[in-house]
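Student: I would like to go through this model with you. Where should we begin?

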Amino acid sequence: MKVLVPVKRVLDYNVKARVKSDNSGVDLANVKMSMNPFDEISVEQAVKMQEAGTASETVVVSIGPSKAQETIRTGLAMGMDRGIHVETDEDLEPLAIAKILKAICDEEKPELVILGKQAIDNDYGATGGMLAALLDWPIGSAANSMKLAGSDMTVVKEVDGGLQTVKLTMPAIVTTDLRLNEPRYASLPNIMKAKKKPIDAKTPADYGVDTKPRLKTVKVTEPEARKAGIKVEDAAQLVDKLKNEAGVI
Ligand code: AMP
C-alpha cells in the first residue's frame with residue numbers, strides 16, 4: 001500500500017509568535033520553522049506502517065516556499081521514501097491545498113493519505129476533510145489509534161467523555177491527533193541518507209489548480225496581556241469577589 005503524507009512548514013511550536021507592527025500577520029523573519037507537530041505524527045505513523053510491512057511506499061508532500069524542502073528532508077530523515085515539493089510563496093487556503101493534494105492523489109494513487117488534524121499556524125483543521133470530499137473517500141479524523149485489517153482501517157478518536165471507533169474502507173484519509181504515537185528523532189546517519197532521497201519539484205500550475213484567495217486576513221492581534229492577580233484576605237472575600245466582581249458564582 002502506498003501512503004502519502006502531506007506536511008506543512010510552520011512556526012516552531014516552542015517559539016512565541018510575534019505579530020507584525022502593521023497587524024497584517026505573524027512575523028516569520030529569522031524565526032525557527034519546523035514541521036507541523038501533527039504532521040510529524042503522521043510521518044511517524046507511515047514509517048511505522050512501512051516497518052511493519054503494511055506500507056510498501058511512503059511519500060511526503062509539502063506545498064510552500066523553497067524552504068519547505070527542509071521540512072520534506074526532515075520527513076525523509078525520519079524514514080519516508082521520497083518527496084514531492086510543490087513550490088509557492090503564497091500562503092494558500094485549505095481548499096487550494098486540498099485541490100493540489102487531490103491532483104497528486106490522482107497521479108500517485110495512494111491507498112492512504114495521513115494528514116495532521118490541524119496546522120498549528122492557522123488552526124483551520126479543514127484540509128483533511130476537504131481532500132476526503134474532493135476524492136470522495138472516507139475519513140477517520142483526529143485518530144489516536146489506527147489499525148489496518150484486510151481492506152478496512154479502524155480508527156479510534158477521543159470524543160467528549162469517551163472513545164469513538166470508526167471503520168473505513170480503503171482508500172481512505174486519516175487525520176492524526178497527539179496521542180497516536182511519539183515521533184522519532186532522525187539519527188545523523190538517516191539525516192545523511194535523506195540527502196540522497198529524491199524530491200520531485202512541482203508548482204501549483206503543474207496541477208492546473210487555481211490558487212486565487214477567497215478570503216482576506218483583516219488583522220492579526222496579540223492576545224490581551226494577563227492582568228496581575230491579587231491576594232485575598234480570607235474565604236469570605238474570595239466568595240465576594242467571585243460573586244460580585246467575576247460574576248462566576
Ligand atoms: P489545516 O487544514 O490548514 O489546519 O491543515 C491540516 C493538515 O493539512 C496539516 O496537518 C497537513 O497535513 C496538511 N497541510 C496543510 N497545509 C499544507 C501545506 N502547505 N503543505 C502540505 N500539507 C499541508
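**The ligand site and beyond**

Tutor: The largest cavity is the space that the ligand takes up. Two elements, strand E4 (57–64) and E6, give two or more residues each to the shell around the ligand. Keep in mind that this is a predicted model.

Student: Which element gives the most to the shell around the ligand?

Tutor: The candidates are the elements that give two or more residues, namely E4 and E6. With 3 residues, the top contributor is E4.

Student: How many residues surround the ligand?

Tutor: The closest ones are Asp39, Ile63, Ala119, Gly125 and Thr127. The full count around the ligand is 18 residues.

Student: Which polar backbone atom is 2.7 Å from an oxygen atom of the ligand?

Tutor: Take the contacts in turn. Asparagine 122 uses its side chain, with an N or O atom 3.3 Å from a ligand oxygen. Alanine 126 brings a backbone N or O atom to 2.8 Å from a ligand oxygen. The 2.7 Å contact belongs to the backbone of glycine 125.

Student: How much of the ligand does the protein bury?

Tutor: Start with the ligand's polar contacts, such as the 2.7 Å one to glycine 125. Taken alone, the ligand exposes 480 Å². The share of that area buried by the protein is 98%.

Student: On to charges. How many salt bridges does the structure hold?

Tutor: Opposite charges on side chains can pair when the charged atoms come close. One case is lysine 241 with glutamate 245, where the closest N and O atoms are 3.0 Å apart. The total in the structure is 15.

Student: How many residues apart are lysine 8 and aspartate 121?

Tutor: Their side chains meet in a salt bridge, 2.9 Å from N to O. Lysine 8 sits in the loop between strand E1 (2–6) and strand E2 (9–11). Aspartate 121 sits in the loop between strand E6 (112–116) and helix H4 (127–135). The pair links distant parts of the chain, with a separation of 113 residues.

Student: Why does aspartate 121 count as partly exposed?

Tutor: Partly exposed covers the range between under 20% and over 50% relative accessible area. Its partner lysine 8 falls there at 22%. Aspartate 121 falls there too, because its relative accessible area is 40%.

Student: Are glutamate 108 and arginine 82 buried or exposed?

Tutor: These two form a salt bridge, with the closest N and O atoms 2.5 Å apart. The bridge joins helix H3 (residues 94–108) to strand E5 (residues 82–87), across 26 residues. Both glutamate 108 and arginine 82 are buried.

Student: Which residues are linked with Arg82 and Glu108 in a network of salt bridges?

Tutor: Arginine 82 and glutamate 108 are paired directly. The network also takes in Lys2 and Glu57.

Student: Why does glutamate 245 count as exposed?

Tutor: Glutamate 245 is bridged to lysine 241. Exposed means over 50% relative accessible area. Glutamate 245 counts as exposed because its relative accessibility is 60%.

Student: Now the backbone. Which residues does a cis peptide bond join?

Tutor: Most peptide bonds are trans. Here omega is about 0°. The proline lies in the loop between strand E9 (162–169) and strand E10 (172–176). The cis bond joins methionine 170 and proline 171.

Student: What is the phi of asparagine 23?

Tutor: Most residues other than glycine have a negative phi. Asparagine 23 is in the loop between E2 and strand E3 (33–35). It is partly exposed, at 29% relative accessibility. Its phi is positive, about 60°.

Student: Where does alanine 142 lie?

Tutor: Alanine 142 also has a positive phi, near 50°. It is buried, with a relative accessible area of 12%. Its place is strand E7 (residues 139–149).

Student: Which residue follows H2?

Tutor: Helix H2 (residues 68–78) has buried residues including Ala68, Ile72 and Met78. After the helix comes a residue with a positive phi, near 130°. That residue is glycine 79.

Student: To close, what percentage of the protein's residues are buried?

Tutor: The secondary structure comes to 6 helices and 11 strands. The C-alpha atoms fill a box of roughly 65 × 45 × 40 Å along the principal axes. Of the 249 residues, the buried share is 41%.

Terms used. Residues are numbered from 1 along each chain as its sequence is written. This is a predicted model: local features need pLDDT of at least 70, side-chain atom pairs count only at pLDDT 80 or more; totals for chains, interfaces and linings use all residues. Side-chain values use heavy atoms; hydrogens and water are left out. A salt bridge is a side-chain nitrogen of Lys or Arg within 4 Å of a carboxyl oxygen of Asp or Glu. Helices (H or I, at least four residues) and strands (E, at least two) are DSSP runs, numbered from the N terminus. Buried means under 20% relative accessible area, exposed over 50%, partly exposed in between (1.4 Å probe, protein chains only). A residue is near a molecule or strand if one of its heavy atoms lies within 4 Å of it. A polar contact is a pair of N or O atoms within 3.5 Å; within protein, one must be able to donate a hydrogen and the other to accept it, and residues adjacent in sequence count only if both atoms are side-chain atoms. Accessible areas come from the Shrake-Rupley method with a 1.4 Å probe; for residues, only the protein chains shown count as cover. On a 1 Å grid over the protein atoms alone, a cavity is a set of points where a 1.4 Å probe fits but cannot get out, and a pocket is an open set with protein on both sides within 12 Å along at least five of seven lines; lining residues have an atom within 4 Å of a point. A molecule sits in a cavity or pocket if more than half of its atoms lie within 2 Å of its grid points.
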